[in-house]
Amino acid sequence: MTKVVKHRLFWPAFSLVALIVLNTVVRPQFMKITVRDGELYGALIDILRNSAPLMLVALGMTIVIATRGIDLSVGAVMAVSGAVTLTIIDGAEDPGSTSTVLVAMAVGTGVALLLGAWNGFLVAVLDIQPIVATLVLMLAGRGVALLITDGFITTVNSEPLEYVSTGYLFALPFALFISVAAITAISLVERRTALGVLTEAVGINPEASRLAGVRSRGITFGAYVLSGTLAGVAGIIYSSNIRAADANAAGEFIELYAILAVVLGGTSLVGGKFTVAGTVIGVFIIQTLKSTMLFLGVPSAQSPVFFAAVVIIVVLIQSPRVHRIARGLTGGMRSRNLSAHSDAEVAA
Amino acid sequence: MNASTVTATRETVSRHTRTFLDRHASLMPTFAAVLIFAVLLIGAQIHFGTFLTPLNMSALLLDNAYLVILAVGMTFVIVTGGIDLSVGSVMALTGIWCADLLASGHSAAVVVPLIILAGAAIGLLIGVLVQYFDVQPFIASLAGLFLARGLAFVVSLDSIRVENESVLWLQTTRWRLGEWYITPTGVLALSVALIGAFVMQFTRFGRTVYAVGGNEQSARLMGLDVARTKVAVYVISGVCAGLAGLVLTAYSGAGYPRNGIGTELDVIAAVVIGGTLLTGGTGYVLGSLIGVLVFGTIKTVISFMGAEQAWTRIIIGLMLLMFIVVQRAIVVRAERRR
């Protein structure tokens with residue numbers, strides 16, 4: 001039992017289950033999944049579908065954080081990739097053709113990859129603090145996205161594009177498959193090869209791992225490229241969902257939610273040990289919370305108050321001082337029990 | 001004068017400049033900011049012909065008064081090696097709350113202290129999380145950002161007009177000197193900057209801020225009150241954000257819960273351009289003032305050119321990049337010499 005409780009995924013998983021149980025109690029239709037035309041619908045399916053952009057961004061953020069870094073530019077990269085993709089589709093002769101959309105998405109993702117490489121260059125080659133290095137793109141990125149869309153919100157009507165976010169495959173939302181593909185690919189590469197261990201080594205002590213022969217520069221660089229690319233795909237899913245490229249609203253605050261998901265999942269912000277499964281759980285916690293608030297009728301603008309409370313609770317649980325106080329309390333109780341016990345013995 | 005004395009003088013001159021540069025190495029980035037500011041102004045004047053007018057320069061301070069106030073608070077935090085992401089949201093919260101309280105008939109004498117207290121309270125929360133619960137400043141101020149932004153929308157989902165005369169007075173009054181003018185908000189911003197600079201340079205507290213940023217461990221061993229200082233800088237930043245909320249509300253004549261989204265980034269960029277190192281330990285409040293003026297001038301130049309305002313963010317991003325690369329080079333050189 002203690003082994004289960006001590007497992008580092010216990011608390012994240014426990015919170016998610018508690019949240020789902022709470023939702024089911026308050027609104028029984030939460031768990032209900034209906035089948036319409038061979039496609040599944042329901043609150044749970046919505047959570048799986050809508051979590052795709054955050055999932056991709058949070059996965060990339062996990063690897064970046066594992067290298068002791070942080071990527072603030074993901075929201076801006078989402079805006080740029082969405083702007084590039086939709087501008088190409090909008091300018092094409094036939095916006096509805098699958099090949100046009102595929103090419104546009106490939107270019108959008110490619111641009112995002114380059115932006116990630118730019119971050120990686122600043123952090124790994126020039127040794128600039130990750131917060132500052134990615135702040136540059138966070139500032140400039142949305143400006144670039146606005147220039148690409150000429151300051152307007154580019155809207156397009158294109159069926160293949162809409163399919164990415166609203167389409168179904170084997171009765172499940174297509175966006176879910178993108179998430180699953182990313183989770184599987186990252187888990188396999190990080191855990192079935194030495195890359196994951198090397199990444200943790202870089203995060204725990206970059207200098208020591210470099211001296212031990214780990215190519216820490218390359219690993220850090222790769223983490224930012226991955227994060228940029230995943231943010232690019234997330235940007236395409238986002239703009240597919242709203243059928244528009246909105247340079248200001250795309251990925252707004254997503255860097256904060258992604259960091260929150262990573263921390264909720266149990267990966268420490270100081271780098272080193274990371275858990276992909278934890279991040280996945282963290283993303284679902286956030287998405288379920290959002291769905292809960294929507295149900296409770298809290299205006300989405302006010303939801304940050306609840307997330308602030310969650311952040312504060314989580315960091316307090318992780319803080320050493322609270323651990324000490326908790327240990328002091330339980331230790332105190334134990335010794336009081338002990339003394340009560342011995343008193344009883346004496347009386348006997 | 002023969003050739004040898006010429007070379008000798010040259011050597012002494014270069015030696016003097018070298019000692020000057022060594023002694024004031026931490027001032028170099030701020031000098032660079034002043035230089036850039038001057039070049040920007042002169043360049044714009046040559047290009048447009050009517051840029052360096054008293055009216056324009058007065059407007060520069062007027063339009064950026066809230067940014068100056070935020071940047072002063074942020075400088076304190078960054079010099080200790082921290083960061084405060086919450087300022088934009090706290091400004092929005094105090095601004096909308098101010099408008100809301102005024103609209104329901106409270107007097108400005110009650111409302112203004114109240115909103116500044118609210119800013120201080122959020123700063124205190126962040127400071128306590130950072131100092132006593134070992135939360136990284138980034139995450140603690142992130143919680144502050146979420147909290148303040150959400151609360152701003154709890155106060156009101158839409159903008160609220162301000163009709164209170166004493167608050168509007170802050171903005172509509174123009175004290176003139178010929179073509180030049182200054183508003184009470186401008187005076188407020190300048191006084192905050194001057195007080196900030198004085199506290200930072202000449203008080204025990206200010207010197208402790210530098211010491212904590214330079215090396216927290218050493219500061220503690222020297223017997224300085226590190227804990228109190230680290231909490232205090234976040235409270236200062238919160239107070240500044242509260243004040244900025246008042247100034248922005250007066251400036252726009254309304255409170256609006258979506259105000260200041262991304263302003264924390266502009267402020268951080270301005271502070272860095274003004275010569276404060278994000279690693280802590282070095283920085284000047286007056287440098288941050290210059291940083292904000294550079295930011296404001298770029299905005300004005302872009303609107304003069306009639307170009308997209310999107311360029312402001314791009315140019316600020318590039319300038320930030322240039323500065324951090326130069327700062328990085330300075331740090332690397334200093335480490336090598338050691």
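Helices and strands here are DSSP runs, numbered from the N terminus: H or I over at least four residues for a helix, E over at least two for a strand. Okay, with that out of the way, hi everyone. What you have up there is a predicted model, where local features need pLDDT of at least 70, side-chain atom pairs count only at pLDDT 80 or more, and totals for chains, interfaces and linings use all residues. Residues are numbered from 1 along each chain as its sequence is written, while chains are lettered from A and ligands numbered from 1 in the order in which they are written.

So, a loop to start with. Asn248(A) is in the loop between strand 6 (244-245) and helix 13 (254-264) of chain A. Is Asn248(A) buried or exposed? Kind of neither: it counts as partly exposed, because it has 13 C-beta neighbours inside 10 Å. For us, buried needs 20 or more other C-beta atoms within 10 Å of a residue's own, exposed is 12 or fewer, and partly exposed is in between, with C-beta atoms placed from the backbone. Asn248(A) and Ser209(A) are 39 residues apart along the chain, and 40 Å separates their C-alpha atoms.

Now helix 4 of chain A. This one is mostly covered, with 15 of its 15 residues buried. Its residues, 52-66, should span 21 Å at 1.5 Å a residue, and the end C-alpha atoms are indeed 21 Å apart; the expected span is 1.5 Å times one less than the number of residues. After the helix comes Arg68(A), with a positive phi near 75°.

On to the interface. We've got 35 residues of chain A in contact with 35 of chain B, contact being C-beta atoms, placed from the backbone, within 7 Å. Which elements give two or more residues on the chain A side? Helix 7 (130-148), helix 15 (304-318) and helix 16 (320-347). Helix 7 brings the largest share, twelve residues.

Last, chain B: 15 helices and four strands. Of its 338 residues, 50% count as buried, and the C-alpha trace spans about 80 × 55 × 35 Å along its principal axes. From the unreviewed UniProt entry, the residues listed as "transmembrane region" include 180-200 and 265-298; positions are in the numbering used here, feature names are shortened, and annotations may be inferred rather than shown by experiment. Residues 180-200 are 81% helix and 14% strand, with end C-alpha atoms 30 Å apart. For 265-298, we get 68% helix, 0% strand, and ends 16 Å apart by C-alpha.

Terms used. Two residues are in contact if their C-beta atoms, placed from the backbone, lie within 7 Å.
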